[in-house]
Amino acid sequence: QVQLVESGGGLVHPGGSLRLSCAASGIYFSTYDMGWYRQAPGKQRELVARITSGGTTNYADSVKGRFTISRDNAENTVHLQMNSLRPEDTAVYYCNAERTLLTKRNYWGQGTQVTVSS
């Protein structure tokens with residue numbers, strides 16, 4: 001019954017912005033580290049940004065200064081604000097929830113397509 005539902009993807013021109021959202025249900029959200037990953041065709045899935053249950057963030061070097069991850073525990077939602085988008089940001093973006101305290105748990109959303117193109 002765990003669900004992670006991404007939204008906000010779409011087509012944007014280089015230099016533009018998008019905000020992705022991930023709504024979680026079926027988990028005690030505040031106890032989970034939340035992350036955004038992406039996968040382009042023919043490439044491995046890679047970490048984009050992560051925010052721990054305590055609010056600590058980290059980012060892939062390729063997105064530092066351009067992307068911001070945030071969470072709203074009251075809404076069971078995590079967001080990824082993406083600015084200054086580049087064609088190489090084109091990928092399917094996946095929401096991830098991981099519990100590292102207590103019993104280990106890991107869940108994935110279905111993904112949302114982000115396309116950066118002229």
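# A walk through an all-strand model

Leucine 102 sits in the loop that joins β9 to β10 (105–108), so select this residue for the opening stop; its relative accessible area of 77% makes it exposed. Bear in mind as you look around that the model is predicted. Check the backbone here too: leucine 102 is not a glycine, yet its phi is positive, at about 60°. Now add threonine 31 to the selection. The two residues lie 71 places apart along the chain, and their C-alpha atoms are separated by 9.5 Å.

**Zoom out to the whole chain**

Next, show the protein as a cartoon. How many helices and strands does the protein have? There are 0 helices and 11 strands, and reading from the N terminus the order of elements is β-β-β-β-β-β-β-β-β-β-β. The radius of gyration is 14 Å, close to the 13 Å that the globule rule gives for 118 residues, so the protein is as compact as a globular protein of that length. Along the principal axes, the C-alpha atoms fill a box of roughly 45 × 25 × 25 Å.

If you draw contacts, look at how far they reach in sequence: among those with a separation of 6 or more, 54% link residues 24 or more positions apart.

**Switch on the surface**

With the surface displayed, you are looking at about 6300 Å² of exposed area, and carbon and sulfur atoms supply 47% of it. Colour by charge next. The protein carries 12 positive and 9 negative charges, and the mean positions of the two sets are 4 Å apart.

**Go inside**

Hide the surface again. Of the 118 residues, 42% are buried. In soluble globular proteins, nonpolar side chains tend to be buried together. Here the largest nonpolar core holds 30 residues; select Met34, Trp36, Val78, Leu80, Met82 and Tyr93 to see those with the most contacts inside it. Which strands each supply at least two residues of this core? They are β3 (18–25), β4 (33–39), β5 (46–51), β7 (67–72), β8 (77–82), β9 (91–99) and β11 (112–116).

Stay with methionine 34 for a moment and show what surrounds it. Setting aside residues up to four places away in sequence, methionine 34 touches Leu4, Cys22, Phe29, Ala49, Arg50, Ile51, Ile69, Arg71, Val78, Cys95, Asn96 and Ala97.

**On to the loop between β3 and β4**

Select isoleucine 27, which belongs to the loop between β3 and β4. Is isoleucine 27 buried or exposed? Its relative accessibility is 12%, under the 20% cut-off, so isoleucine 27 counts as buried. Beyond its neighbours within four places in sequence, isoleucine 27 is in contact with Val2, Tyr32, Ala97 and Tyr107. For a distance to draw, pick threonine 100: its C-alpha atom is 13 Å from that of isoleucine 27, with their positions 73 residues apart along the chain.

**Last stop: serine 84**

Finish in the loop between β8 and β9, where you will find serine 84. This residue is partly exposed, with a relative accessible area of 42%. Its phi is near 50°, a positive value in a residue other than glycine. To round off the tour, flip back to leucine 102, which has a positive phi of about 60°.

Key. Residues are numbered from 1 along each chain as its sequence is written. This is a predicted model: local features need pLDDT of at least 70, side-chain atom pairs count only at pLDDT 80 or more; totals for chains, interfaces and linings use all residues. Side-chain values use heavy atoms; hydrogens and water are left out. A nonpolar core is a set of buried Ala, Val, Leu, Ile, Met, Phe, Trp, Tyr and Cys residues joined through side-chain atoms within 4.5 Å. Buried means under 20% relative accessible area, exposed over 50%, partly exposed in between (1.4 Å probe, protein chains only). Helices (H or I, at least four residues) and strands (E, at least two) are DSSP runs, numbered from the N terminus. Contact means heavy atoms within 4.5 Å. The radius of gyration is taken over C-alpha atoms; the globule rule is 2.2 Å times the number of residues to the power 0.38. Accessible areas come from the Shrake-Rupley method with a 1.4 Å probe; for residues, only the protein chains shown count as cover. Lys and Arg count as positive and Asp and Glu as negative; His and the chain ends are not counted. The place of a charge is taken as NZ of Lys, CZ of Arg, CG of Asp or CD of Glu.
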